[in-house]
Amino acid sequence: MNQQEMGKESPVLVLEGGAMRGLFTAGVLDALLDHHFYFENTVGISAGTLQGLGYLSKQTGRSVRVNAVYAADSRYMGFRHMVRGGSFFNFDFMFGPLAHEEDPFDFKTFEESSQTLYAVITDCLTGKPRFISSHDYDSAEFMKVCEASCSIPLVSKPVEWRGRAYADGGVGLPLVPLPWEIPFPHGKIVYVLTRDAGYRKKPVPFWMHGLLKAVYGREYPAVVEGMCTIPERYNRKVEKVLELEKEGSVFVIRPEKPVIVSRIERDAGKLRELHGEGYRITMERFDEMMRWLHGK
């Protein structure tokens, strides 16, 4: 089902990041795919961008399969990649052999999709977020943008793209964009979050302030400022999203209990369980979401 009948300003699906906690999002998207329900516009932040790729390629189950199989694979992630390439997650493998040979990503379906995925990236010089459309660049270049969207400072090096350095979208835009922060016409918003409603971030510890300044302070002070203020900005947004949800202005799909999956989780069982939770919750709430989207 397409969203054109809902008007020119169609509903938008917004996907929070969270690295391996993105398996919850993968479960949500698999449920939408099983319903043949496709949002015309999807916004992805950090790991949310990677999950959005599979939504547009319509590859039900690929994300949970890939992550469950490769999470413990030394080619997928690990500290040796930080030493060799500057990033804990091995994007060269993810977007290279894995996507093209071992568990192929359906580039043809993705490229021919009428849907749009907006990847949120953070400009390292300004600290401001940018929304990059999947229809503005070929798939190879857009994959580079997706890599930038997932490049968490201190865990991944900045990504050079079109002459500028970019970092994780969550630096400039923690949690999710609020309705007025989405830079294109849109209708109702469905948020997919990867933490339960009670979760709040703790302040960045003093030692990390120092480390961030040492690594990025001279070249990218905006990244330092962004990273150090994420908890405060994130927590304010959580409260605002809860307020908008309570008044019926947005629809939110989130875990029902605290998530025990870490950002670098390698336990395939935990990853499959989190995916299953996202799938179950979305299947249970699908009719409710549809009534809300249609204003019933």
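**Cavities, the largest pocket and helix packing**

Two cavities of 30 Å³ or more are held within the structure, which is a predicted model. The largest cavity encloses about 550 Å³ of space, and of the 32 residues that line this cavity, Leu50, Gln51, Ser63, Asn67 and Tyr76 are the closest to its centre. Helices α1 (22-34), α2 (47-57), α3 and α5 each supply at least two residues of this lining, and the most is given by α2, which contributes six residues. When the lining of the largest cavity is divided by class, 23 residues are nonpolar, seven are polar and two are charged.

The second largest cavity contains about 90 Å³ of space. Its lining is formed by Glu16, Leu175, Leu193, Arg195, Asp196, Ala197, Tyr199, Tyr234, Val238, Val241, Leu242 and Arg254. In this lining, eight residues are nonpolar and four are charged, whereas no polar residue is present.

Apart from the cavities, the open space of the model was examined for pockets. The largest pocket has a volume of about 860 Å³ and is lined by 37 residues, among which Ile152, Lys201, Met227, Ile230 and Arg263 lie nearest its centre. At least two residues of the lining of the largest pocket come from each of α4 (79-85), α8 (169-172), α9 (206-216) and α11 (230-246). The lining of the largest pocket is made up of 25 nonpolar, five polar and seven charged residues.

The packing of helices was then considered, beginning with α2, the helix that gives the most to the lining of the largest cavity. Helix α2 packs with helix α7 (residues 139-149) at an angle of about 145°, and the axes of the two helices are 7 Å apart. In this contact, Thr49, Leu50 and Leu53 of α2 meet Phe142, Met143, Cys146 and Ser149 of α7. Five of the residues in the contact of α2 with α7 are nonpolar and two are polar, and no charged residue takes part. Leu50, which belongs to this contact, is also one of the residues closest to the centre of the largest cavity.

Helix α3 packs with two further helices, α12 and α5. With α12 (residues 268-293), helix α3 (residues 62-70) forms an angle of about 165°, the axes being 8 Å apart; α3 and α12 are therefore roughly antiparallel to each other. The crossing by which α3 passes α12 is right-handed. The residues that meet are Val64, Asn67 and Ala68 on the side of α3 and Ala268, Leu271, Arg272 and His275 on the side of α12, and by class the contact of α3 with α12 comprises four nonpolar residues, two polar residues and one charged residue. Asn67, which takes part in the contact with α12, is listed as well among the residues closest to the centre of the largest cavity.

The arrangement of α3 with helix α5 (residues 91-102) is described by an angle of about 110° and by axes that lie 13 Å apart, which makes α3 roughly perpendicular to α5. Here too α3 passes its partner, α5, in a right-handed crossing. Arg62, Val66 and Tyr70 of α3 make the contact together with Phe93, Leu98, Ala99 and Glu102 of α5. The contact of α3 with α5 holds five nonpolar and two charged residues, with no polar residue among them. Both α3 and α5 are, in addition, among the helices that each supply at least two residues of the lining of the largest cavity.

Note on methods
Residues numbered from 1 in each chain as written. Predicted model: local features only at pLDDT ≥ 70, side-chain atom pairs only at ≥ 80, totals over all residues. Heavy atoms only, no water. 1 Å grid on protein atoms, 1.4 Å probe; cavity = no way out; pocket = protein on both sides within 12 Å on 5 of 7 lines; lining within 4 Å. Points joined across faces, edges and corners; volume = space filled by probe spheres on them. Helix = DSSP H or I, 4+ residues; strand = E, 2+ residues; numbered from the N terminus. Nonpolar A, V, L, I, M, F, W, Y, C, P; charged D, E, K, R; others polar. Axes fitted to C-alpha atoms, helices over the stretch in contact; angles between N-to-C directions. Parallel < 35°, antiparallel > 145°, perpendicular 65-115°, else oblique. Left-handed = near helix turned anticlockwise from the far one by under 90°. Contact = heavy atoms within 4.5 Å.
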